[in-house]
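Open the model in your viewer and get your selection tool ready. We will walk through its aromatic rings, one stop at a time.

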Amino acid sequence: MEEEGVIKFQLHWQASGPALPETFRELEHWRKRLRAIGGIGADPRRYGGIGFGNLSRRCAEGFWISGTQTGELQHLGREHYSLVERWDIAANTVWARGPVAPSSESMSHAALYDTRPDIHWVFHVHIPELWRRAAAQDLPRTPAGVEYGTPEMALAVRDLASNAPLPLVLCMTGHEDGILAAGQNANSCGEALLRAIARAPAS
């Protein structure tokens with residue numbers, strides 16, 4: 001199994017001040033809800049105890065995203081978010097600044113924002129039941145051999161999102177339990193994800 005939480009792209013990160021309060025409040029609202037159902041967190045029984053799950057929102061400068069390895073934290077503050085200002089999928093490179101380095105899933109988030117100007121929010125969670133039932137729910141799915149944090153995953157996500165209706169929920173087949181949701185606003189994105197999870201009860 002691939003090691004969870006490892007940044008696979010080339011990162012140019014500059015330490016700087018935290019996000020503004022209004023930037024992260026809605027992100028934190030949805031993070032709490034998704035963490036409560038196990039979609040975000042850290043569990044010694046899953047992925048070797050490494051933290052998982054992250055959220056982002058578009059802004060004028062790029063997008064704000066929860067920092068790498070913050071899944072284990074119960075609550076995030078402004079100091080736990082990073083601003084991704086620029087990215088180059090072909091070169092597998094991300095430029096970011098903030099109090100922390102950005103999530104290892106930043107490239108997949110970037111691909112969604114790059115592809116669709118109407119996507120303003122992206123939530124990445126780990127839901128084993130939904131991931132296993134993705135085909136049964138007819139969710140869009142990336143190819144099985146494509147790993148997270150790579151240009152191939154970013155391109156696969158981009159292809160699935162390019163003409164899909166929003167809000168979108170898709171399965172990262174080659175990334176154990178990985179699910180992405182994208183939407184025009186935080187509530188539509190989160191509610192679409194919760195509906196999909198509700199249709200996939202634990203077996």
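Start by selecting Phe 63, which is buried at a relative accessible area of 0% (buried means under 20%, exposed over 50%, partly exposed in between, with a 1.4 Å probe and protein chains only). A word on the ground rules: this is a predicted model, where local features need pLDDT of at least 70 and side-chain atom pairs count only at pLDDT 80 or more, while totals for chains, interfaces and linings use all residues. Residues are numbered from 1 along each chain as its sequence is written, and side-chain values use heavy atoms, leaving out hydrogens and water.

Now add Tyr 113, also buried, with a relative accessible area of 3%. Show Trp 87 too: Phe 63, Trp 87 and Tyr 113 form one aromatic cluster.

How many aromatic pairs are there? The count comes to five, where rings of Phe, Tyr and Trp (its six-membered ring) pair if their centres lie within 6.5 Å, and planes under 30 degrees apart are stacked, over 60 edge-to-face and the rest tilted.

For one of these, go to Tyr 47 and Phe 52: their pair is edge-to-face, 5.3 Å centre to centre with 80° between the planes. Tyr 47 is buried at 10% relative accessible area, and Phe 52 is buried at 3%.

Finish with a charge over a ring (NZ of Lys or CZ of Arg within 6 Å of the ring centre and within 35 degrees of the ring normal). Select Lys 8, whose charged end sits over the ring of Tyr 148, 4.5 Å from its centre. Then pick Arg 86, lying over the face of Trp 95 at 3.8 Å from the ring centre.
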